[in-house]
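User: I'd like to practise reading helices and sheets from coordinates. Could you walk me through a few features?

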Amino acid sequence: MSVNVGTPSPTLTQTPAKVPAKTPATTPTPTPGANPEAEQWTTITLTKDQVYSGPLVLVNREHKIRPEALPEDIVDLSEQDDLTEGYSLLDPSIELSEAVALRFRELVEGAARDGVRNLRISSGYRNNSEQEELYEEKGSDYALPAGHSEHNLGLSLDLGSTTGAIDQSAEGKWLKKHAWDYGFILRYPKDKVDLTGIQYEPWHFRYVGLPHSRIMKEKNFVLEEYLAYLKEKESIVAEEDGVRYRISYVPVTKRTEFKVPVDGSYEISGDNSDGVIVTVALKEAA
Ligand SMILES: [Zn+2]
């Protein structure tokens, strides 16, 4: 799914589709200043509400979830047989964003191809009162208050193995290596406790989407670092499965204009602070 200009606040978008190289019948006039490799660009207006939703929003002790980020596609996984093929649920009440569940199913299929078949989701989407209860029970080292947990976004899930502790299991080892290939990140690594403010959680995975997850893995970044990096660089180019992406951080002050491809091969996510990240799938030069 790509983000259209008419869609004001995309909650979650998938990887922009690879743009097929095609020769247009008539040569379009390139927009001055736009990437010369692309065929046609248009200007869209980024608005403040886009800052607070999307797969890259930062949610932690300092950054609360804004109403714009609340997921609209939460599904009850135990009622979705097609979504839960190949893994199990710790209890039948587990919910998740449907878009994330679809990406997770791809991860599960990838794991099965490597002979790893005992994945289990132990927690998915939580509403505020469930989060509050958990916070009181677990304390601030392992949990966050309601409105500050990624579980309230529907983008995070706690994973386990039906064979034992995740850290020792084949599932945990596989996830550490491969979750990134499917758009998921280990959100609270052992060596980043100072940055995340949360103890090592080998079970907690967060969906951010490709190509972001692979870049974060390559650079050993947690989300806090990745967003700071994009903000500092303003624009980077990354290659992922043969597609080149330009990832730009755009500060949004009231209404901000930005150039994107006419064909919609881009996605937008807020950082939940003061800007948006625009990820454009670049066309190859003819
Ligand atoms: Zn978790």
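User: How many residues does helix α1 have, and what should they span?

Analyst: This is a predicted model. Helix α1 covers residues 98-113, and at 1.5 Å a residue its 16 residues should span 22 Å. The end C-alpha atoms are 23 Å apart, which agrees.

User: Which residues of α1 are buried?

Analyst: Start with the general idea: an α-helix has 3.6 residues a turn, so residues three or four places apart point the same way. In α1, the buried residues are Ala99, Val100, Ala101, Arg103, Phe104, Leu107, Val108 and Ala111. After the helix comes Gly115, which has a positive phi, near 80°.

User: Now the sheet. In what order do its strands lie?

Analyst: The order is β9-β10-β13-β12, an open sheet of 4 strands with antiparallel pairing. At the edges are β9 (235-240) and β12 (266-270), each of which pairs on one side only. On average, neighbouring strands of this sheet are turned by 20° against each other, direction ignored.

User: How many bridges join β12 to β13?

Analyst: There are 5 bridges between β12 and β13 (residues 275-282), and the two strands run antiparallel. For one specific pair, look at Tyr266, whose bridge partner in β13 is Val280.

User: And how does Val243 count, given its C-beta neighbours?

Analyst: Val243 sits in strand β10 (residues 243-251). A residue needs 20 or more other C-beta atoms within 10 Å to be buried. Val243 has 19 inside 10 Å, so Val243 counts as partly exposed. Its C-alpha atom is separated by 8.0 Å from that of Lys283, 40 residues apart along the chain.

Methods:
Residues are numbered from 1 along each chain as its sequence is written. This is a predicted model: local features need pLDDT of at least 70, side-chain atom pairs count only at pLDDT 80 or more; totals for chains, interfaces and linings use all residues. Two strands pair if DSSP finds at least two bridges between them. Axes are lines fitted to C-alpha atoms, for helices over the stretch in contact, and angles run from 0 to 180 degrees between N-to-C directions. The expected span of a helix is 1.5 Å times one less than its number of residues. A residue is buried if 20 or more other C-beta atoms lie within 10 Å of its own, exposed if 12 or fewer, and partly exposed in between; C-beta atoms are placed from the backbone.
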